[in-house]
Amino acid sequence: MTRDEPGVGLKTYGSGIALVALAAVVACGPSARAPVAAADPATPTTAGAPSSAFGVSAAALRLHRRALVLDTHIDTPQRLAFEETFDLAARNTNGHIDIPRMRDGGLDAAFFSIWFPGTITGPAAVRRALGLIDEVREVVRTHSRDLALATSAGEIRRATADGKIAILL
């Protein structure tokens with residue numbers, strides 16, 4: 001079943017994603033990341049801000065810091081491939097993902113989506129997918145101080161222990 005089939009709502013699909021994320025947390029264990037400061041000292045972070053700054057309890061923040069925080073779908077490879085001025089390392093004024101905000105939110109691991117429209121098929125689809133994969137590998141190489149490519153739970157654990165954000169495809 002796919003989420004596009006009749007009778008499968010986002011709630012059902014979202015539950016599947018939640019189960020995958022839960023499995024990843026169980027497989028990888030507690031995050032070893034140390035609290036990080038924001039790139040801009042005026043910008044609050046979950047690591048140092050009082051719980052009231054985010055409207056959550058101190059207990060919720062403690063749980064967030066102990067858990068492996070995983071985003072299961074990030075469309076950033078599209079930006080890497082098609083926006084010449086996009087810089088993942090900069091705090092961008094548009095979009096939702098960049099390294100400073102990943103750090104601020106305590107993100108430990110992220111699946112970068114290798115997505116393209118269904119109108120692209122055949123050899124063109126293969127070229128597009130390989131191109132997006134190359135973009136992700138290059139951004140990980142370029143920002144190796146902050147990012148690490150991960151293909152297993154062990155590599156996610158290693159990345160977080162090293163203070164890096166694990167990038168999955």
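**View 1. Phenylalanine 111 faces leucine 168 of β4.** In this predicted model, β2 (109-112) runs parallel to β4, and three bridges join the two strands. Two strands count as paired if DSSP finds at least two bridges between them. Helices (H or I, at least four residues) and strands (E, at least two) are DSSP runs, numbered from the N terminus.

**View 2. β3 also pairs with β4.** Here the strand made of residues 147-149 lies parallel to β4, over three bridges. Look for leucine 149, which stands opposite isoleucine 167. Helix α6 (residues 153-161) joins in as well: with β3 and β4, α6 makes a right-handed β-α-β unit. Right-handed means that, with the strands pointing away from the viewer, the path from the first strand over the helix to the second runs clockwise.

**View 3. β4 is covered on both faces.** Ile165 and Ile167 are buried on one side, and Ala166 and Leu168 are buried on the other. Buried stands for under 20% relative accessible area, exposed for over 50%, and partly exposed for anything in between (1.4 Å probe, protein chains only).

**View 4. The largest nonpolar core has 17 residues.** Such a core is a set of buried Ala, Val, Leu, Ile, Met, Phe, Trp, Tyr and Cys residues joined through side-chain atoms within 4.5 Å. Ile74, Leu88, Met102, Phe112, Leu147 and Ile167 touch the most other members. Two or more residues each come from α4 (99-104), β2 (109-112), α5 (122-142) and β4 (165-168). The most generous contributor is α5, with three residues. A separate core of nine residues includes Leu70, Ala109, Ala159 and Leu168.

**View 5. Methionine 102 and its contacts.** Setting aside neighbours within four places in sequence, methionine 102 touches Ile74, Ile97, Leu107, Phe112 and Ile165. Contact here is heavy atoms within 4.5 Å.

**View 6. The whole chain, for orientation.** Six helices and four strands follow one another in the order α-α-β-α-α-β-α-β-α-β. Of the 169 residues, 34% are buried. Among contacts between residues at least 6 apart in sequence, 59% join residues at least 24 apart. The exposed surface is about 10000 Å², with 59% supplied by carbon and sulfur atoms; accessible areas come from the Shrake-Rupley method with a 1.4 Å probe, and for residues only the protein chains shown count as cover.

**Notes for all views.** Residues are numbered from 1 along each chain as its sequence is written, and side-chain values use heavy atoms, leaving out hydrogens and water. As the model is predicted, local features need pLDDT of at least 70 and side-chain atom pairs count only at pLDDT 80 or more, while totals for chains, interfaces and linings use all residues.
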